[in-house]
Amino acid sequence: MKVLVVNPVEVRQLLLMNECIPIMEQALMNLGRGEGINPLRPVMFLPEKVGALGMMPAYLGEPPAMGAKIVSVMPKNYGTKYDSHQGVVLLFENEHGSLLAMVDASEITAIRTAAVSAVATRLLARPDASDLAIIGSGVQGASHLEAMLLARPIDRIRIWSKTGSNSQLFSEREGAKFTRHIEVMPSIEAAVDGADIICTTTMAPQPILKGDWLAPGVHINAVGSSIKSTRELDTAAVVKSRLFVDRRESTLNEAGDFLFPKAEGAINDDHIQGELGEILLGQIEGRKTVEEITLFKSLGLGVEDIASAFHIYEKAQQSGTGTWIDWSS
Ligand code: NDP
């Protein structure tokens, strides 16, 4: 038996953003139809919560694959040569349960998370949404810029990041990559003023985006907080938004952005309008009016990682990319 190993550089070559977006749509629809299985993820926190190891198993009915992502999250890595999210996606086939591939998880996470936000933006942002604010200049900030350029006809881009020099670097690096002017903003309030699409992609533990700052009709992709003890949005921002999620069960258990306002009594579980998969399947309506504020709370799902890994596995075989290792017993 042979197992395919795919490294970060090869993932970048094989998982293109414009290919990943429809793959994420399929994965979310599978989940919406009840074909996929996506249990809540166990997260093991390190002493004093300096980092964590998350385990994300998932099963896809179609394509026929299952597996698990194991990813370490080390916030202190930002600004060093180490990615803050590192790990591996283990891909198995469904019939005999044999291991097919081991794929770098950092790149899959960077790409698939932004691809899901692109799905949300296509479903929920106004069709003419063109004014983009990115909050956070890290890995997710960069991949969200790429995804938003594919999702809507963007003609203005603003960046804010906690460290001003990182905003400047982001503007220069990503501006050159996409041949776009990216405005560096002095505050979050200035960055989101009148924006049509806001992506929050930070490790902020406390709210950084305030409801008072949101323009009518804006769509928000809230990506940064993936655990119940942190949040990026204040209660007012969540209360005034129509909230859509990747998975209801995950939101009720893992999303600080939802759970803090709920604990304050400002919202209840009915505030969740539905899942992206349900909109894609035509079971629920997305945006209803041009003025309403829509919010996609992203937590990240194992099915997204496994669907990405399966696509990489198939493309790698066609293109002869990756390294096969002998796994015979
Ligand atoms: P990076 O380490 O690459 O970037 C971290 C970013 O957070 C930087 O822009 C940094 O700003 C900013 N930041 C750190 N502390 C604060 C703070 N107190 N206030 C405001 N901004 C802050 O991380 P990633 O881009 O990989 O991940 C960003 C977030 O997204 C993380 O919280 C991560 O857990 C989450 N995530 C969510 C996923 C999902 O599926 N929903 C998937 C992957 C990640 P600066 O550079 O200016 O210092």
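1. Val139 belongs to helix H4, which spans residues 139-151. This is a predicted model. Val139 counts as partly exposed, because its relative accessibility is 41% and the partly exposed class lies between the 20% and 50% limits. Not counting residues up to four places away in sequence, Val139 touches Asp83 and Ala110. Gly79 is 60 residues from Val139 in sequence; C-alpha to C-alpha, the two are 11 Å apart in space.

2. Now the sheet. Seven strands form an open sheet with mixed pairing, in the order S2-S3-S4-S5-S6-S1-S15. Strand S2 (43-45) and strand S15 (323-326) are the edge strands, and each of them pairs on one side only. From one strand to the next, the twist averages 15°.

3. Which way do strands S1 and S6 run relative to each other, parallel or antiparallel? Strand S1 (residues 2-6) and strand S6 (residues 99-104) are parallel, and three bridges join them. Val6 stands opposite Val103 of S6.

4. Two helices meet this sheet. H3 lies across strand S3 (52-60), strand S4 (65-73), strand S5 (85-93) and S6. The direction of H3 is at about 90° to that of S5. Helix H11 (residues 302-319) also packs on the sheet. Its contacts are with S1, S3, S4, S5, S6 and S15, and its direction makes about 70° with that of S3.

5. The antiparallel part deserves its own look. S4 and S5 run antiparallel and are joined by nine bridges. In that pairing, Ala65 stands opposite Glu93 in S5. S5 and S6 also run antiparallel, with five bridges between them. Leu91 has Ala101 in S6 as its bridge partner. The hairpin of S5 and S6 has five residues between the strands. Gly97, in this hairpin, takes a positive phi near 75°.

6. Next, the interior. The largest nonpolar core has 61 residues. Leu91, Val103, Leu132 and Leu276 have the most contacts inside it. Helix H3 (residues 105-124) supplies the largest share of this core, ten residues. Domain 1 (2-109 + 303-326) and domain 2 (117-300) each give at least three residues to the core. Two of the residues with the most contacts have already appeared in the sheet: Leu91 pairs with Ala101 in S6, and Val103 of S6 stands opposite Val6.

7. What does Leu132 contact, leaving aside its neighbours within four places in sequence? The list is Leu145, Met148, Ile154, Arg156, Ile157, Arg158, Ile197 and Cys199. Another core, of 30 residues, lies apart from the largest one. Ala133, Ala222, Ala237 and Val245 are among its members.

8. Helix H9 covers residues 256-263. Its buried residues are Gly256, Asp257, Phe258, Leu259 and Pro261. These pack against three strands' worth of neighbours and more, including strand S11 (219-222), strand S12 (241-245) and strand S14 (293-297). Helix H7 (235-239), helix H8 (248-254) and strand S13 (272-275) are also among the elements they pack against. Gly265 comes just after H9 and takes a positive phi of about 80°.

9. On cysteines: the structure holds zero disulfides. Cys20 is in no disulfide, and the nearest cysteine sulfur, that of Cys199, is 15 Å away. A disulfide here needs sulfur atoms within 2.5 Å. Cys199 is likewise in no disulfide, with the sulfur of Cys20 as its nearest, 15 Å away. Are these two cysteines buried or exposed? Cys20 counts as buried because its relative accessibility is 0%. Cys199 is also at 0% relative accessibility, so it counts as buried. Cys199 is one of the residues in contact with Leu132.

10. Last, Glu19. This residue sits in helix H2 (residues 17-32). Glu19 is partly exposed because its relative accessible area is 25%. Leaving out residues up to four places away in sequence, Glu19 touches Leu14, His311 and Lys315. Pro75 is 56 residues from Glu19 in sequence, and the two are 29 Å apart in space, C-alpha to C-alpha.

Terms used
Residues are numbered from 1 along each chain as its sequence is written. This is a predicted model: local features need pLDDT of at least 70, side-chain atom pairs count only at pLDDT 80 or more; totals for chains, interfaces and linings use all residues. Side-chain values use heavy atoms; hydrogens and water are left out. A nonpolar core is a set of buried Ala, Val, Leu, Ile, Met, Phe, Trp, Tyr and Cys residues joined through side-chain atoms within 4.5 Å. Buried means under 20% relative accessible area, exposed over 50%, partly exposed in between (1.4 Å probe, protein chains only). Helices (H or I, at least four residues) and strands (E, at least two) are DSSP runs, numbered from the N terminus. Domain bounds come from an automatic or database domain assignment. Contact means heavy atoms within 4.5 Å. Two strands pair if DSSP finds at least two bridges between them. Axes are lines fitted to C-alpha atoms, for helices over the stretch in contact, and angles run from 0 to 180 degrees between N-to-C directions.
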